[in-house]
Amino acid sequence: MSEKVGVYICHCGSNIAKTVRVEEVSKWAGEQDQVAVARDYKFMCSSLGQELIEDDIKEKGLTRVVVASCSPHMHEKTFRAACVKGGLNPFLFEMANIREHDSWTTDDTEAATQKAKALVMAAIDRVIHHSPLEPIPVDINSNTLVVGGGIAGISAALELADAGYHVYLVEREPSIGGHMAQLDKTFPTLDCSACILTPKMVDVGQHPNITLLTWSEVEKVDGYLGNFTVNVRKKARYVDERYCTGCGICIEKCPFKVVDNVFEAGLGVRKVIYRPFPQAVPKYPVIDVENCVYFKRGKCKACQIFCPTEPNSIDFEQQDEILQIQVGNIILATGFDLFDVSQIPQYGYGRLANVFTSLEFERMVNASGPTEGKVVLRDMQTPPKSVAIVHCVGSRDKNYHEYCSNVCCMYSLKFAHLIHERLPETEVFNCYIDIRTPSKGYEEFYHRLMDEGTHFIRGKVADVTDAARTTEEEGKLIVQVEDTLINKQRRIPVDMVILSPAIEARQDSREVSQQFRMGCDFDGFFTERHPKLDPVATMTEGILIAGACQGPKDVPASVTQGAAAAARVGGLISRGTVMMEPIRASIDADACSGCRICNELCPYNAIIFHEDKKVSEVITALCQGCGTCVAACPSAAITGAHFTNDQVMSEIEGILWDVRKPELVPG
Amino acid sequence: MSEQFEPVIVGFLCNWCSYRAADLAGTSRIHYAPNMRPIRVMCSGRVDPQFVLKALREGADGVMIAGCHPGECHYVEGNIKTLRRYHLLKNLLRQWGIEDERFQLVWASASEGIVLAEAVNRMTEQVRALGPLDWKDTVIGINGRGSFSKVETASLVEEG
């Protein structure tokens, strides 16, 4: 059947027309087989340009449309909409990218025009083989799963719950709060972190629309946008939440203490039955089985003996529970890990006692921390007379992480301020590569610190050592650094060194990304759908990301992302049903040989095998349309809608129109 | 146009990384060889070996497949499937006497416009040095005898 193709060549002002002879391409296109009309126009994306398409569809009865202009990532939606307005199915449209892929990449008019013709011809030959497609409707379950109870997850959960939707908030640790709960003050306003965070945590704990599952982990995720089934392992706390009042007597009476490597960053101790911190939400403690004497030797039970509730809340027989929940969307807010600074041995962490990590220092300056807010050396009593803060430990360093960790400059400035505040006589040296303070109020904070008398030394610290060369250096830590502003090597003797380690993706982020079937980058951070225009969506529909799991970020940015992800989910829920792109695979059961090659290939487990009929079938809603199975099917039984073999083969013919050797091609 | 041979290379670019890398190269006004003609596929995993053969037979002098870096595939691991197929197909093409440079796999993320542009430049130069691909002589051979003689020569050269 012959089609009536309309071809529109865009000048894009001079962006295309400067290098591609657009009139020539348009005239040439008009002479091609099945092309009913070909035009060139200054701006096809303008309303007038779109009207050209609409009018031609109506008046000339076009059955296919090709626009040669910019990238489809820019305006494919625009022109599809124009087709719909004209009364044409949006998938009977194809775009040729003669701007980003052509006119902007060369000054050679001849070559650019030739390439434009090839791209236009490819689009014409392809569009003839297009079929009308209809979006696929999917119902959205109004429950949402939020994974991670840090500030990003908390903000996402509260936004949704306040909007009236039910949220399951899953947190791996015994309490929500995340890293923010460990911090003392937040930059640049110096709000007390706990003062602003704990009310939010309490809101989460008490919210009728939030089911809080702490000390729990996601085990399995099945399903697709609108209809996920998730298995959550609720680890045994050995404390029965039905009876426990959170009075804390068990914690008081527990006779054993261990070093708290999680919340107190190794600087403090906790009991074996514990809450990570006093304001923990939920308030129920958890027994650390590995260190509990009862679990090791069968004796003690102090917690149970002293538990005042009736019935007794301590349950040594408690088992892990697997909960199955149904949700429509999932927001991942799994946070970050800190770079292990002992990987850089020249900074002496672990070898030199008074080298601290930023998190240790954060706990130290926290009034509820192990030193009750006193800044002291590792002996836990001597205040330092001088402190060096080393920026970019593992960040902006090709040996470790090339990226900037975003928050270290600001918290290093904050540390300097807190030291000045608590120990006015103490000298503070900030050794930085560049100071980066690009948010509201941040630069002002930097200036404030300069006024407070912090020494700023621009240079990457080479070495921290206790090998003194002079009497002045005796008993000190010596920070060896090139001060690049005065072009001089310096040795700065200090009592205390604080390392600001890189923010890293979670150790298990790759496994998590596989579990949720979405991507993560080289560094392990989850990949957003678009770095600028779609930063909280992922390539998998129904899975969103928020906070530092997507890349290093501070509290305000994490809150923003949490809220943004919630807004996206809320929008989907309020619509009830969403339309999904019909670019999906389907299997012709008659042609399927039942070899099952495709079953294993599908990264989304979207292909099931019917044992009875010995054929495979694609679950349309699960399919994300990559086409890997289509390419692999030995019987050519799988069709990838909108990327069919016919369409791509014709596109190849078109793109090679000027060099084709059709006599060599069988069939 | 100059007298020198201008190869035609068909590039299969995945929608999420490499197509966007090419978009970025354009947006950044990076100038590179106009010899690569891009075809968009949703994932490099969609590239059916038939597409490559079709392009070479239809007159392309080379074929480039470009996808997301391993581990960064937007469809989790489609590019890993591509990698496997690529090596199989490359071996096959080699048997037919088609030089390695004519079929290349490139990883370019959406932020690596320059990586894609440089890969296109490099491949264009390599294929230009090889000259046009004559499918008829190379693969079909004279009197339909195939490329046995050429393969034998090729393997001797490799061993030697």
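Buried, on this tour, means under 20% relative accessible area, exposed means over 50%, and partly exposed is anything in between. Keep those cut-offs handy. What you have open is a predicted model.

**Stop 1: chain A as a whole**

Select chain A and colour it by secondary structure. You should be looking at 17 helices and 34 strands. Turn the chain around: along its principal axes, the C-alpha atoms fill a box of roughly 90 × 70 × 45 Å. Chain A has 667 residues, and 58% of them count as buried. Switch on a surface and you are viewing about 27900 Å² of exposed area, with carbon and sulfur atoms supplying 49% of it.

Now colour the charges. Chain A carries 68 positive and 88 negative ones, and their mean positions are 3 Å apart. As for how the chain comes together, take the contacts between residues at least 6 apart in sequence: 68% of these join residues at least 24 apart.

**Stop 2: chain B as a whole**

Hide chain A for a moment and select chain B. Here you get 6 helices and 4 strands. Trace the chain along its sequence and the pattern reads β-α-β-α-β-α-β-α-α-α. Chain B has 160 residues, 59% of them buried. Its exposed area is about 6600 Å², of which carbon and sulfur atoms supply 55%. For contacts between residues at least 6 apart in sequence, 80% in chain B join residues at least 24 apart.

**Stop 3: helix H17 of chain A**

Bring chain A back and select residues 645-655, which make up helix H17. Why is H17 of chain A described as largely enclosed by the rest of the structure? Because 8 of its 11 residues are buried. Show side chains and pick out the buried ones, among them A:Val648, A:Met649, A:Glu651 and A:Ile652.

What do these buried residues pack against? On the chain A side there is helix H4, and from chain B come strand E1 (9-14), strand E2 and helix H2 (49-58). Select those elements together with H17 and you have the next stop in view.

**Stop 4: the largest cavity**

The whole structure holds 7 cavities of 30 Å³ or more. The largest has a volume of about 210 Å³. To find it, select A:Glu94, A:Met95, A:Glu651, B:Tyr19 and B:Arg40, which lie nearest its centre among the 19 lining residues. Then widen the selection to the elements around it: H3 (72-86), E4 (93-97), H4 (109-127) and H17 in chain A, plus E2 (36-41) in chain B, each supply at least two residues of the lining. A:Glu651 is worth a label, as one of the buried residues of H17 and one of those nearest the cavity centre.

**Stop 5: A:Gln50**

Next, go to helix H2 of chain A, residues 47-60, and select A:Gln50. Is A:Gln50 buried or exposed? Its relative accessibility is 13%, so A:Gln50 counts as buried. Beyond its close sequence neighbours (those within four places), A:Gln50 is in contact with A:Met44, A:Cys45, A:Thr78, A:Ala82 and A:Lys85.

**Stop 6: A:Phe277**

Move to the loop between strands E15 (273-274) and E16 (286-287) of chain A, where A:Phe277 sits. A:Phe277 has a relative accessible area of 9%, so it is buried. Leaving out neighbours within four places in sequence, its contacts are A:Ser175, A:Ile176, A:Ala181, A:Met201 and A:Phe263. Try a distance too: A:Phe277 and A:Gln182 are 95 residues apart in sequence, yet their C-alpha atoms are 8.9 Å apart.

**Stop 7: backbone oddments**

Show the backbone for this last stop. The peptide bond from A:Phe187 to A:Pro188 is cis, with omega near -10 degrees; A:Pro188 is in the loop between E8 (185-186) and E9 (191-192). Another cis bond joins A:Glu310 and A:Pro311, with omega about -5 degrees. You'll find A:Pro311 in the loop between H9 (302-306) and E17 (321-327).

Two non-glycine residues have positive phi. A:Tyr238 has phi near 70 degrees and lies in the loop between E12 (227-234) and H7 (249-253). With a relative accessible area of 13%, which is under the 20% cut-off, A:Tyr238 is buried. A:Arg596 has phi of about 75 degrees and lies between E31 (585-587) and H15 (597-601), again in a loop. Its relative accessibility is 38%, so A:Arg596 counts as partly exposed.

Methods
Residues are numbered from 1 along each chain as its sequence is written. Chains are lettered from A and ligands numbered from 1 in the order in which they are written. Side-chain values use heavy atoms; hydrogens and water are left out. Buried means under 20% relative accessible area, exposed over 50%, partly exposed in between (1.4 Å probe, protein chains only). Contact means heavy atoms within 4.5 Å. Accessible areas come from the Shrake-Rupley method with a 1.4 Å probe; for residues, only the protein chains shown count as cover. Lys and Arg count as positive and Asp and Glu as negative; His and the chain ends are not counted. The place of a charge is taken as NZ of Lys, CZ of Arg, CG of Asp or CD of Glu. On a 1 Å grid over the protein atoms alone, a cavity is a set of points where a 1.4 Å probe fits but cannot get out, and a pocket is an open set with protein on both sides within 12 Å along at least five of seven lines; lining residues have an atom within 4 Å of a point. Grid points are joined across faces, edges and corners, and a volume is the space filled by probe spheres set on the points.
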